[in-house]
Amino acid sequence: MSERSVSRAKQEKRWYTVLAPEQFDRQELGETPADEPEKVYDRTIETTLGELNNNASENNTKLTFKINDVGSDSAYTEFKEHSLTRDYLRSLVRRGASKIEAYVTVLTTDDYRVQVQPVAFTTKKADASQEKAIREQMVEMVEEAAAERTFEELISSIVEGRLSSGIYGEAKTIYPLRRVEIQKTTLEAHPEEVAEEEATAVDVDEEDVATGD
């Protein structure tokens, strides 16, 4: 490729301003270059809640967004993942205390499938039955939260700490807790993907019935 054609290729690249989803006030996340708009789709961009809110104390919360729409000079994103930094989670661990984790896959009221990972840190070592009871409480409250909320509402309650505070309030009656956090939240499937999976499952079930006869 000649120097002239290389420079032309560079000139043809356009920079798109990447914007956060509406629930995060469409804040600018950065820029991404592409010579064709189609190449911008599905790119991911990471930021922290601290950067979005201009609050350094929230930098331990990481947010990942994925580009799902492109305009003339803007790229729009959707929420993909929320997680807490390893350093922050490590700082919550204490010797002689329990760390209790759970993995919960839920459907929101508008049929988004989300995996939520709550974690509780006790003040001292809990026994196995207490750990089990706390884990069950966390799972139950995450399921209840999803059953009552849209995807956007669920993500807001997790990112803003309301869900973890609610779990802490209930679970601390089982055994003294120092902290409850949602350590990770991942969007697993959109409503249309969930509907497609359900339709496929129904087709398989009907085939099983047919062969059973």
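**Exercise 1. Characterise the packing of helices H4 and H6 in this predicted model.**

*Solution.* Helix H4 passes helix H6 in a right-handed crossing. Next, consider the geometry of the pair: the axes of H4, which spans residues 128-148, and of H6 come within 10 Å and cross at roughly 140°. This angle makes H4 oblique to H6, because an angle must be over 145 degrees to count as roughly antiparallel.

**Exercise 2. Describe the largest pocket: what is its volume, and which residues lie closest to its centre?**

*Solution.* Begin with the volume, which is about 330 Å³ for the largest pocket. The lining of this pocket comprises 20 residues, of which Thr61, Tyr88, Gly161, Arg179 and Glu181 are the closest to the centre. Then sort the lining by class: eight residues are nonpolar, seven are polar and five are charged.

**Exercise 3. Determine which helices and strands each supply at least two residues to the lining of the largest pocket, and where this pocket lies with respect to the domains.**

*Solution.* Two helices, H5 (151-159) and H6 (162-171), and two strands, E5 (74-84) and E9 (177-189), each supply at least two lining residues. Strand E9 gives the most, with five residues. At the level of domains, residues of the lining come from both domain 1 (13-84) and domain 2 (85-196); the largest pocket therefore lies between them.

**Exercise 4. Carry out the corresponding analysis for the second largest pocket.**

*Solution.* The space in the second largest pocket is about 280 Å³. Of its 15 lining residues, Pro21, Asn68, Thr77, Glu78 and Tyr112 are the closest to the centre. By class, the lining divides into six charged, five nonpolar and four polar residues.

Now assign the lining to secondary structure. Strand E4 (61-70), strand E5 and helix H5 each supply at least two residues to the lining of the second largest pocket, and E5 gives the most, with four.

Finally, locate the pocket. Domain 1 (13-84) and domain 2 (85-196) both give residues to the lining, so the second largest pocket lies between these domains.

Note on methods: Residues are numbered from 1 along each chain as its sequence is written. This is a predicted model: local features need pLDDT of at least 70, side-chain atom pairs count only at pLDDT 80 or more; totals for chains, interfaces and linings use all residues. Side-chain values use heavy atoms; hydrogens and water are left out. On a 1 Å grid over the protein atoms alone, a cavity is a set of points where a 1.4 Å probe fits but cannot get out, and a pocket is an open set with protein on both sides within 12 Å along at least five of seven lines; lining residues have an atom within 4 Å of a point. Grid points are joined across faces, edges and corners, and a volume is the space filled by probe spheres set on the points. Ala, Val, Leu, Ile, Met, Phe, Trp, Tyr, Cys and Pro count as nonpolar, Asp, Glu, Lys and Arg as charged, and the others, Gly among them, as polar. Domain bounds come from an automatic or database domain assignment. Axes are lines fitted to C-alpha atoms, for helices over the stretch in contact, and angles run from 0 to 180 degrees between N-to-C directions. Angles under 35 degrees count as roughly parallel, over 145 as roughly antiparallel, 65 to 115 as roughly perpendicular and the rest as oblique. A crossing is left-handed if the near helix is turned anticlockwise from the far one by less than a right angle, and right-handed if clockwise.
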